[in-house]
Amino acid sequence: MSNSEAAAVLTTPDLAEALRAVRTLLAVADIRGAEVDLEATIHSPEVVGRVKEVLPGLQWWAVEGKEKGSSEAGDDPVACLPITVFDWCRPLDRAEPFIAAVADSTAAVRWDLDGWPEVPEAGLEAVSQKFAYLTLSVNSRDLFQDEPSRDHTVHVHTRGGDAHAARVAWLAACIGSTPTGRVESSSL
């Protein structure tokens, strides 16, 4: 397990704007073997139904704890609301349907990238898969959905240290933004 530094590069109330930024950053990244991890806290039966359509075999448990209900126990997720959903190592094409399905729920979508590119003109070396991630926090400003909001935040993950600030600034510039100044440590 390693740690990355996740820097917020865009916070916006416009989900379409956040998704455009994500698509732009994915176009910059090496995504040849990339996967996406999906998580959400769901409060409504309608959202459960939409998410199950996008993610058959959904893994979930009651927010109050697995002993109050889980997919492992074969429980009905609607009877156990609110629930927490985690689905890992999915193909990239699952991200946007999941985001659409979660609606007003808090969620995080993390793209596990193969790397960030070398940028000689900016003095940036390539960053390996170990430290190359991109997270969209939906209806939240933080990585772990502890701060629900009507905003959506794009975070870029890199290796910490001196190169971190330069990489974050360069990635933010790619989407016409500047770093917000918020940085969180992320165990991966």
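How many of the 8 residues of strand E2 are buried? Select E2, residues 35-42: 7 of its 8 residues are buried, where buried means under 20% relative accessible area with a 1.4 Å probe and protein chains only. Helices (H or I, at least four residues) and strands (E, at least two) are DSSP runs, numbered from the N terminus.

The model is predicted, so local features need pLDDT of at least 70 and side-chain atom pairs count only at pLDDT 80 or more, whereas totals for chains, interfaces and linings use all residues. Residues are numbered from 1 along each chain as its sequence is written, and side-chain values use heavy atoms, with hydrogens and water left out.

**The partners of E2**

Next, add strand E4 (83-90) and strand E5 (106-112) to the selection. Strands count as paired if DSSP finds at least two bridges between them. E2 pairs with E5 in the antiparallel sense over 7 bridges; look for Val36, whose bridge partner in E5 is Trp111. With E4, E2 forms 6 bridges, also in the antiparallel sense, and there Ile42 has Ile83 as its bridge partner.

**On to strand E8**

From E5, move to E8, residues 133-138. The two strands are antiparallel and share 6 bridges, with Ala107 opposite Val138 in E8. Because 6 of the 6 residues of E8 are buried, this strand is largely enclosed by the rest of the structure. Colour its two faces separately: Tyr133, Thr135 and Ser137 lie on one side, Leu134, Leu136 and Val138 on the other, and all are buried. Strand E9 (residues 152-158) runs antiparallel to E8 and is joined to it by 5 bridges; Thr135 stands opposite His155 in E9.

**Helix H1**

Select residues 15-28, helix H1. Its buried residues are Ala18, Leu19, Ala21, Val22, Leu25 and Leu26. Seen down the helix axis, they fall within an arc of 155 degrees (taken from the directions from the axis to the C-beta atoms), so they line one face of H1.

**The largest pocket**

Finally, display the largest pocket, with a volume of about 280 Å³. Of its 18 lining residues, Glu39, Phe86, Ala108, Leu143 and Phe144 are the closest to its centre. Strands E2, E4, E5 and E10 (183-187) each give two or more residues to the lining. A pocket is an open set of points on a 1 Å grid over the protein atoms alone, where a 1.4 Å probe fits, with protein on both sides within 12 Å along at least five of seven lines; lining residues have an atom within 4 Å of a point. The volume is the space filled by probe spheres set on the points.

Definitions and conventions. Buried < 20%, exposed > 50% of the residue type's maximum accessible area, 1.4 Å probe, protein only. Expected span 1.5 Å × (residues − 1).
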